[in-house]
Amino acid sequence: MAVTERKSPQGGGTVTTAVPARLDRLPWSRWHWMVVIGLGTVWILDGLEVTVVGNIAGRLSEQGSGLPISSAQVTGTAAALYVAGACAGALFFGRLTDRFGRKKLFMVTLAVYLGATALTAVSFSSWWFFLFRFLTGFGIGGEYAAINSAIDELIPSKYRGRVDIVINGSFWLGAIGGSLLSIVALNTDLFAANVGWRLTFALGVVLGLVILLVRRNVPESPRWLLIHGREQEAEQLVADIEGQVEAEKGRRLPAVTEEMTIHQRKSIGFGTIARTVFSRYRRRAVLGFSLFIGQAFLYNAITFGFGAILTTFYDVPTSDTGYYFAFIAAGNFLGPLLLGKLFDTVGRRVMISSTYLLSGVLLFGTAWLFDRGALDAVTLTVCWCVVLFFASAGASSAYLTVSEVFPMETRAMAIAFFYALGTAAGGISGPLVFADLTESGAVGDTVLAFQIGAALMCAAGLVAAFLAVRAERRSLEEVARPLSAAG
């Protein structure tokens, strides 16, 4: 049990606790699966959203869609607004997540997503569509900060790397669903041209409601409770989890002797957060920016623009682009699934740097083949599948990195900050630049877009080779000592 020793200068108590060590020594259990399903499945929704928009761009621009909008506006303007909303939402909700708790905010952010997606489905004008794409992104951005914080604080250190990598990679399960869904929804023999695309957004609402039901059972982070003066709740929560795990495994858990003393505080100002991230952890800040900018440009550009490449250069019908995207989405999910465990065994530095560098080099090769006219729609898709097998694991490691290498009190805000700035640099400019380059119909322009993405991934891989933190199998408190820790 935590013992309150005295009042701290920050206005809260001072407690000595073994809660972090008790959470880290837990074996994998049904309780952890509940956390993964309740929190991690939101990435499936994000993948569904992004992919659907990329695949329906051609249909929305056609006569009779119900919206006066061009394909470039969907893959460029609307895509950039979605990402801009995600950046703004991450910053707004990230601050609230550190202040008011993980659970309150991951319920609110999901509600924002659900409402905005439902209103996107009933769009009647381009301005309405743009507005609610922004607000949908606003909710998703808040999810990134709240969810990654909660997951890393609830999952044992032994499994944290692979779980975080696979959960972030589950975006591509949504992408597969979005691709296949668009094939059905865009079939005018089944649905009218102004109805099918609306149904794709409506399905996102249905899936979100199901996730909401599971998420109600996910508790607040005991680590957050400890720092914010609610140590009795934290102790009781961990005791309940231990009881569930012992009943499932049929044996007593080993005793824990590691303790830490914490000076509790209600909140931390932006000044303290900024000094912590940019002064105390300057090298880690450079690492975070590099990883996010590289993966954000690559993924936001290609995810929103791949369908346009197929229709522009290979005359693939709009209704068939979903088949190709489902294929590369499968490769994207298999990357984190098959490589995720290596981030906990081989280690963060080797795996992060190698996945970024491999994907960058392979993308340069794809650009060269594309420029020579050596690829058709199928072989281009195969090349992208191989590139993104490695890039997906690398991109997922960006979220893992900024979530675990900064102190507990700044975790959600750090995730939000690096996601927002990195994604603003790569994720907003990526779709805008890529839409213009691919719309030109010039091979050289698309090759240039490929090469920019490849160069940024390689640069990030080199940064990781020197600066990545060896966080594998280490507690969060060991990787980054809490600001509230005594001594």
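Me: How much area does the protein expose, and what share of it do carbon and sulfur atoms supply?
Reply: This is a predicted model, so take the surface as computed from that. The protein exposes about 17300 Å². The share supplied by carbon and sulfur atoms is 64%.

Me: What percentage of the residues in the protein is buried?
Reply: The cut-off to keep in mind is under 20% relative accessible area. The protein has 487 residues, and its fold holds 20 helices and three strands. Buried residues come to 62%.

Me: Which residues of helix 19 are buried?
Reply: Helix 19 covers residues 443-467, and its 25 residues reach 36 Å from first C-alpha to last, close to the 36 Å expected. In an α-helix, residues three or four places apart point the same way, because there are 3.6 residues a turn. The buried ones are Thr446, Val447, Ala449, Phe450, Gly453, Ala454, Met457, Cys458, Ala460, Gly461, Ala464 and Leu467.

Me: Where does Glu472 lie?
Reply: Helix 19 ends at residue 467, and helix 20 spans 476-479. Glu472 sits in the loop between helix 19 and helix 20.

Me: Why does Glu472 have no salt bridge, and which side chain of opposite charge is nearest?
Reply: Glu472 is buried. A salt bridge needs a side-chain nitrogen within 4 Å of a carboxyl oxygen, and the nearest side chain of opposite charge is 4.7 Å away, so Glu472 goes without one. That side chain belongs to Arg348.

Me: Which backbone atom lies 3.0 Å from a polar atom of the Glu472 side chain?
Reply: Leaving out residues up to four places away in sequence, Glu472 touches Phe343, Asp344, Gly347 and Arg348. The atom in question is the backbone nitrogen of Arg348.

How values were computed:
Residues numbered from 1 in each chain as written. Predicted model: local features only at pLDDT ≥ 70, side-chain atom pairs only at ≥ 80, totals over all residues. Heavy atoms only, no water. Helix = DSSP H or I, 4+ residues; strand = E, 2+ residues; numbered from the N terminus. Expected span 1.5 Å × (residues − 1). Buried < 20%, exposed > 50% of the residue type's maximum accessible area, 1.4 Å probe, protein only. Areas by Shrake-Rupley, 256 points an atom, 1.4 Å probe, with all protein chains shown as cover. Lys, Arg positive; Asp, Glu negative; His and termini not counted. Polar contact = N/O pair within 3.5 Å; in protein donor to acceptor, adjacent residues only side chain to side chain. Contact = heavy atoms within 4.5 Å.
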